[in-house]
Amino acid sequence: MSTHPFRQVDVFGSPGRAVSGNPLAVVLAAEGVDEETMRSFASWTNLSETTFLLPPTVPGADYRVRIFTPARALPFAGHPTLGSAAAWLAAGGVPAGEVVVQECGAGLVPVRRDGELLAFRAPELLRHEPVDAELRERVARGLRLPPEALLEVVWIVNGPSWIGVRLADAEQVLAVEPDPVPLTGLDVGLVGPHPAGGPADVEVRGLVGEGGLVEDPVTGSLNAGIAQWLIGSGRLPARYTAAQGTRLGRAGRVHVRQEDDGTWIGGAVTPVVTGTVELPRR
């Protein structure tokens with residue numbers, strides 16, 4: 001067995017509300033842990049993602065991260081990016097420059113402090129276009145909505161292959177009772193505006209059709225794609241706040257800022273568990 005520093009953090013939670021966001025398990029100093037062990041441990045934690053921090057392999061990076069769901073590896077994901085950066089800093093990591101630079105399967109991702117929050121710069125979208133008519137109809141069936149209720153259905157791929165669905169309002173987003181069968185194998189994100197004075201500017205839900213439909217509590221990659229899509233089309237302002245996880249009893253908050261150098265996705269990261277983990281040597 002090998003012993004590694006371990007942290008579990010809450011990402012994108014609401015200030016003053018403990019464990020209100022999305023949990024992340026982080027194994028630090030993961031040199032010598034092979035991929036099979038990483039996959040097994042991520043399956044065992046059964047969290048939406050588990051990360052393993054390693055020395056960087058390219059110039060300019062402060063560390064390298066491997067990101068796993070219980071079933072697959074991901075090239076990039078948002079809440080693992082913020083949670084991993086927070087764990088690395090808390091363990092004594094010192095960035096070489098003004099921001100933390102994470103190496104992952106999607107390339108280099110800058111992470112900066114934004115007041116009491118951390119924020120990552122969203123990677124560029126790899127695919128952004130309307131879905132075809134057959135897939136749009138399948139998504140509508142999966143959401144149990146008439147086709148005309150789906151105002152827009154577009155690919156917003158930035159590592160994970162999200163399909164973004166714009167609905168009329170937050171109430172409609174929260175009312176969706178999905179049918180898992182049509183959504184099998186699809187990752188579908190819903191977004192709709194709250195009225196003025198609501199808990200946030202928009203409500204977001206992330207439905208992941210991997211191995212049976214599950215709802216992700218708070219999703220950085222989805223919110224990054226939504227921001228690039230809807231700020232770019234003028235439907236959302238350059239600064240706004242998204243609520244996510246409401247249907248799961250969470251109070252996730254994602255803070256979005258469009259700036260000259262890109263789209264920044266910010267949120268709170270709160271330490272919950274600190275210790276060590278024993279992993280098998282192979």
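**The interface between domain 1 and domain 2**

Across the interface of domain 1 and domain 2, 11 residue pairs are found in polar contact, both partners having pLDDT of 80 or more, in what is a predicted model. On the side of domain 1 that touches domain 2, the elements that give two or more residues are strand E1 (2-13), strand E2 (22-27), helix H2 (78-90), strand E7 (107-114) and strand E8 (117-121), and the largest share, 3 residues, comes from E8. Sorted by character, the residues of this side of domain 1 comprise 9 nonpolar, 10 polar and 5 charged ones.

The two partners belong to one chain, which is divided into domain 1, made up of 2-121 and 267-279, and domain 2, which spans 127-261. Their C-alpha centres lie 24 Å apart, and the contact takes 24 residues from domain 1 together with 22 residues from domain 2.

The area buried between domain 1 and domain 2 is about 1,600 Å², and carbon and sulfur atoms give 48% of that area. Within domain 1, the residues that lose the most area to domain 2 are Phe-12, Arg-72 and Phe-76, which together account for 28% of what that side buries.

Charged pairs also span the boundary, since the rule finds 4 salt bridges across the interface of domain 1 and domain 2. Arg-72, already named among the residues of domain 1 that lose the most area to domain 2, has a side chain that meets the side chain of Asp-187 in a salt bridge, with an N to O distance of 3.2 Å.

Technical notes
Residues numbered from 1 in each chain as written. Predicted model: local features only at pLDDT ≥ 70, side-chain atom pairs only at ≥ 80, totals over all residues. Heavy atoms only, no water. Domains from an automatic or database assignment. Contact = heavy atoms within 4.5 Å. Buried area = accessible area lost by both parts, 1.4 Å probe. Polar contact = N/O pair within 3.5 Å; in protein donor to acceptor, adjacent residues only side chain to side chain. Helix = DSSP H or I, 4+ residues; strand = E, 2+ residues; numbered from the N terminus. Nonpolar A, V, L, I, M, F, W, Y, C, P; charged D, E, K, R; others polar.
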